[in-house]
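Q: I am new to reading protein models and would love a close look at one part of this one. Could you take me through the surroundings of the ligand, and then show me how other parts are put together?

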Amino acid sequence: MRMYDIIKKKRDGEELTTEEIRFVVHGYTRGEIPDYQMAAFLMAVYFRGMNERETYDLTIAMLESGERLDLSSLKGVKLDKHSSGGVGDKITFVVLPIAASFGVKIIKMSGRGLGHTGGTIDKLESIPGMKTSLTRDEFIRIVDEIGFAVASQTENLAPADKKIYALRDATATVENLSLIASSIVSKKLAAGADAIVFDVKVGSGAFMKNVDQARRLALLMLDIVKRNGRKARAVLSNMDQPLGRMVGNSLEVIEAVECLRGEGPEDVMQLSFTLVKEMLDLAGVRVNLNDIESMVRSHEPLNRFKKFIERQGGDPSVVDDPSRLPISRDIVEVRADRDGYVARLDAEAIGRACVLLGGGRSKKEDSIDHSVGIELLKKVSDHVKAGDVLAKVYHSKRSDLNSALSLVQSAYVIFEHPVESPPTVLEVIG
Ligand code: URA
């Protein structure tokens, strides 16, 4: 078999065999196929696409490129939750403690920020002392004790994805349904959960720009997971504007704690409760909205979040005293230049502004400034008067402040007439 022939076959729009797909994935992972040929292959897939069978085979080949986490020592159904990436997405910190308070076990391998979207691991590391790199035994022990743990993806789970993703990122071949589905699902299957809930984001701040694309991605992922004997469900959620009011690492931890106190913004609460309900349902625990709300009011999830921080080496006092988190005191306000209603708040622009402030990475090797971010005082449908503060921008010496400010200003579009507040949860599939 020759890589040249496989590239040519896909370039000409033909279907690849299981053996050809395995040859590509394993050859590239082992370093036998050079980057330039893999890049050409990915571009051919980007333009020609893959059918469901090819996408399934690609996922399994990527899964088989590394180890699978053995969770057999954990009793009961093991759950996982995955977000396809967004801006202001602190949902994991809200959903996991609430779901775990109902007695289920959640294993969560998370990533770092990608492009304009933030990463759960970066956010967690804003908590002083927090350890996100755990051994398998540590990870399982914490899940057993607390009900959940969050660790960074280990090198040996789906290593093919790590290598292929880096190349896709550098060759403009990320936005393809088969490549995204195989990348996400191979990691999730390797992490070993029995049931997975996908939060598929839709809108300007997401990979999927419209509901139709997002639905196709969701169905593709659900099909692969189910064919592997696991349960899955997908929630499509709005990412046209950022989730909640805080964007930036420490700021998002603060907002997550507010949600666990039952005082978070409505969109974050609504999406979190939907995800909790779907996760519990897959585990055979039937709850309604009232049950979830009472659980939050009991403060059990909040206390569990504190225990989780402590157990992963972090300082749990940040929960009661958020000033212990690194938060910049240098703040510039962005104001409305006219009266009206916020008609648009572009999530991607806010995400990019956060990267320019130093809250995300422009290059893989960049370090993160946890103290910077954006607080959105006005969101879509809010009424504003000229001169009102739309957003507060937390910056530091490292920030490219002027560029970030103009992005935040341009993210807001103000119309004269009232605008309806957009729904947060768009659809539940599966
Ligand atoms: N997240 C992933 O893990 N992979 C993709 O391809 C896109 C989003």
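A: Here is a walk that starts at the ligand and then moves on to helix pairs and single residues. Keep in mind that this is a predicted model.

Let's begin with the ligand. The residues around the ligand are Ser84, Gly85, Tyr165, Val174, Leu179, Ile180, Ser183, Ile184 and Phe207. Which helix gives the most to this shell? That is helix α9, spanning residues 177-191, which supplies four residues. If you sort the shell by class, you find six nonpolar residues, three polar ones and no charged ones.

Now look at the loop that sits between α8 (159-170) and α9, where you will find Ala172. Ala172 is not a glycine, and yet its phi is positive, at about 55 degrees. Is Ala172 buried or exposed? Ala172 counts as exposed, because it has 11 C-beta neighbours inside 10 Å, and the cut-off for exposed is 12 or fewer. You can compare this with His299, in the loop between α13 (289-297) and α14 (300-311). His299 is not a glycine either, and has a positive phi of about 70 degrees. With 15 C-beta neighbours inside 10 Å, His299 counts as partly exposed.

Next come two pairs of helices. In the first pair, helix α1 (residues 3-11) and helix α3 (residues 35-48) have axes that come within 8 Å and cross at roughly 20 degrees. Because of that angle, α1 is roughly parallel to α3. The crossing of these two helices, α1 and α3, is left-handed. On the α1 side, Met3, Ile6, Ile7, Lys10 and Arg11 take part, and they meet Gln37, Ala40, Phe41, Ala44, Val45 and Arg48 in α3. By class, this contact of α1 with α3 has seven nonpolar residues, one polar residue and three charged ones.

In the other pair, helix α2 (residues 18-29) packs with helix α4 (residues 52-63) at an angle of about 40 degrees, and their axes are 9 Å apart. α2 and α4 are therefore oblique to each other. The crossing in which α2 passes α4 is right-handed. From α2, the residues Thr18, Ile21, Arg22, Val25 and His26 meet Glu54, Asp57, Leu58, Ala61 and Met62 in α4. The contact of α2 with α4 divides into five nonpolar, two polar and three charged residues.

Let's finish with two residues, Gly244 and Leu222. Where is Gly244? You can find Gly244 in the loop between β5 (231-238) and β6 (246-247). Gly244 is buried, because 28 other C-beta atoms lie within 10 Å. Leaving aside residues up to four places away in sequence, Gly244 touches Gly88, Lys90, Glu255, Gly264, Pro265, Asp267 and Val268. Gly244 and Cys259 are 15 residues apart along the chain, and their C-alpha atoms are separated by 9.9 Å.

Leu222, for its part, lies in helix α10 (residues 211-227). Leu222 has 20 C-beta neighbours inside 10 Å, so Leu222 counts as buried; the cut-off for buried is 20 or more. Leaving aside residues up to four places away in sequence, Leu222 touches Ala232, Ala234, Ile429 and Gly430. From Leu222 to Gly358 the spacing is 136 residues in sequence and 35 Å in space, C-alpha to C-alpha.

Terms used. Residues are numbered from 1 along each chain as its sequence is written. This is a predicted model: local features need pLDDT of at least 70, side-chain atom pairs count only at pLDDT 80 or more; totals for chains, interfaces and linings use all residues. A residue is near a molecule or strand if its C-beta atom, placed from the backbone, lies within 6 Å of it. Ala, Val, Leu, Ile, Met, Phe, Trp, Tyr, Cys and Pro count as nonpolar, Asp, Glu, Lys and Arg as charged, and the others, Gly among them, as polar. Axes are lines fitted to C-alpha atoms, for helices over the stretch in contact, and angles run from 0 to 180 degrees between N-to-C directions. Angles under 35 degrees count as roughly parallel, over 145 as roughly antiparallel, 65 to 115 as roughly perpendicular and the rest as oblique. A crossing is left-handed if the near helix is turned anticlockwise from the far one by less than a right angle, and right-handed if clockwise. Two residues are in contact if their C-beta atoms, placed from the backbone, lie within 7 Å.
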